[in-house]
Amino acid sequence: MVDTVSKTRQVDEIRRCARDPIYFFKNYVRVPHPIRGTVPFNTYPFQDECVKAFLEHRFVIVNKSRQLGLSTLAAAYAAWLLMFFKNKEIIIMATKLNVAQNFVRKVKFAIKNVPSWLVIPKLAKDNDRTLTLGPPSNSRIEAIPTAQDAGRSEALSLLIVDEAAHVPDFEELWKGLYPTL
C-alpha cells in the first residue's frame, strides 16, 4: 500500500513539474556552486520573471550583467524542456565551441542530479557536444560554435545564443536561423 501511495505521489510530482518549470527548479534542480558544491537551485524573483517571459514569448533577448545566474537558469529551462516534452530540438550556440559545450554540461548536471524517478526518459546519447534522451522524450540538445551556416538545417524548439553581442555579423546569422525557429 505504501508503494502505491508513493508511486501516485511521484506521478503527481512529475505532472506538476511538467506544468511549472519554476516549481521544478526550486524543488528538484541542483546546481554546482564553486564553494559549497552541489546546492539546490533557489531562483531569485528576477529569474522567475525571465522564466515567465520564456513561456509567454516566442523570442526573448536578455540584456544583463555578468554573474546573475542566467546561464544556469537557461540550462535548467533547457533540461526541463528535454525531460518533460517530446521531440524537442535545442541548440546552444556560442562564439567558441567550448563555451557552448560548457552550457550543455550545465544541462547534463541538472538532469543527472534530479531524483531518478523523475527522469522518465533515459540518456540515449551523451558526449561533449550532444545529449539525447531516449523514449518517450526523444529530445536532444547540441552545442555548436557560431558560423554563417550554424543551425540552418535544423527545425529548432529552442535556440540559446550565448553572448550574442559578441557574435560577428549576428544580423546575417539571425537571418539564416530565424526560419528554423
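This tour moves through a predicted model, from its sheet to selected side chains and loops.

**The sheet**

Begin by selecting β3 to β7 and displaying them as a cartoon. These five strands make an open sheet of mixed pairing, ordered β4-β5-β6-β3-β7. Each of the edge strands, β4 (123-126) and β7 (158-161), has a single partner strand, so one side of each is left without a neighbour in the sheet. From one strand to the next, the twist averages 15 degrees.

Next, add helix α5, residues 97-112, which packs on the sheet. The helix touches β3 (89-94), β4, β5, β6 and β7, and its direction makes about 160 degrees with that of β6.

**Strand β6 and its two partners**

Now select β6, residues 140-145. Is this strand enclosed or open to its surroundings? Five of its six residues are buried, so β6 is largely enclosed by the rest of the structure.

Add β5, residues 130-133: β5 and β6 pair in the antiparallel sense over three bridges. Two pairs of residues can be picked out here. Threonine 132 stands opposite arginine 140 in β6, and threonine 130 has glutamate 142 in β6 as its bridge partner.

Then turn to β3, which pairs with β6 in the parallel sense over six bridges. Methionine 93 stands opposite isoleucine 144 of β6.

**Charged side chains on the sheet**

Show the side chains of Glu89, Arg129, Arg140 and Glu142. Side chains of opposite charge can pair when their charged atoms come close. The structure holds seven salt bridges.

Centre the view on arginine 140, which counts as buried at 18% relative accessibility. With which residues does arginine 140 form salt bridges? One is glutamate 89, with an N to O distance of 2.8 Å. This pair links distant parts of the chain, since arginine 140 is in strand β6 and glutamate 89 in strand β3, 51 residues apart. Another is glutamate 142, where the closest N and O atoms are 2.6 Å apart. Glutamate 142 is also buried, at 15% relative accessibility. Salt bridges that share partners join Glu89, Arg129, Arg140 and Glu142 into one network.

**The β5-β6 hairpin**

Follow the chain from β5 into the loop that leads to β6. This hairpin has six residues between the strands. Select proline 135 and proline 136: a cis peptide bond joins them, with omega of about 5 degrees. Proline 136 is in the loop between β5 and β6.

Asparagine 138 belongs to that loop as well. Its phi is positive, about 55 degrees, although the residue is not a glycine. At 37% relative accessibility, asparagine 138 counts as partly exposed.

For another residue with a positive phi, select asparagine 87, in the loop between α4 (70-84) and β3. Asparagine 87 has a phi of about 55 degrees and is likewise not a glycine. Asparagine 87 is exposed, with a relative accessible area of 51%.

**The edge at β7**

Go to valine 161, in strand β7. Valine 161 is partly exposed, with a relative accessible area of 21%. Leaving aside neighbours within four places in sequence, valine 161 is in contact with Met93, Val167 and Phe170. A distance line drawn from valine 161 to proline 135 spans 27 Å between C-alpha atoms, for residues 26 apart along the chain.

**Helix α3 and its surroundings**

Move to helix α3, residues 45-56, and select aspartate 48 within α3. Is aspartate 48 buried or exposed? Its relative accessibility is 11%, so aspartate 48 counts as buried. Not counting residues up to four places away in sequence, aspartate 48 touches Ile22, Lys26 and Thr43.

Aspartate 48 forms a salt bridge with lysine 26, the closest N and O atoms being 3.1 Å apart. Lysine 26 lies in helix α2 (residues 21-28) and aspartate 48 in helix α3, so the pair ties together parts that are 22 residues apart in sequence. Lysine 26 is partly exposed, with a relative accessible area of 36%.

**A nonpolar patch**

Finally, switch to a surface display and select Tyr44, Phe46 and Leu68, which make a nonpolar surface patch of about 290 Å². Tyrosine 44 is in the loop between β2 (37-40) and α3, and counts as exposed at 52% relative accessibility.

Conventions. Residues are numbered from 1 along each chain as its sequence is written. This is a predicted model: local features need pLDDT of at least 70, side-chain atom pairs count only at pLDDT 80 or more; totals for chains, interfaces and linings use all residues. Side-chain values use heavy atoms; hydrogens and water are left out. Two strands pair if DSSP finds at least two bridges between them. Helices (H or I, at least four residues) and strands (E, at least two) are DSSP runs, numbered from the N terminus. Axes are lines fitted to C-alpha atoms, for helices over the stretch in contact, and angles run from 0 to 180 degrees between N-to-C directions. Contact means heavy atoms within 4.5 Å. Patches are made of residues with over 30% relative accessible area and no salt bridge: like charges are joined within 9 Å, nonpolar side chains (Val, Leu, Ile, Met, Phe, Trp, Tyr) within 5 Å. Accessible areas come from the Shrake-Rupley method with a 1.4 Å probe; for residues, only the protein chains shown count as cover. A salt bridge is a side-chain nitrogen of Lys or Arg within 4 Å of a carboxyl oxygen of Asp or Glu. Buried means under 20% relative accessible area, exposed over 50%, partly exposed in between (1.4 Å probe, protein chains only).
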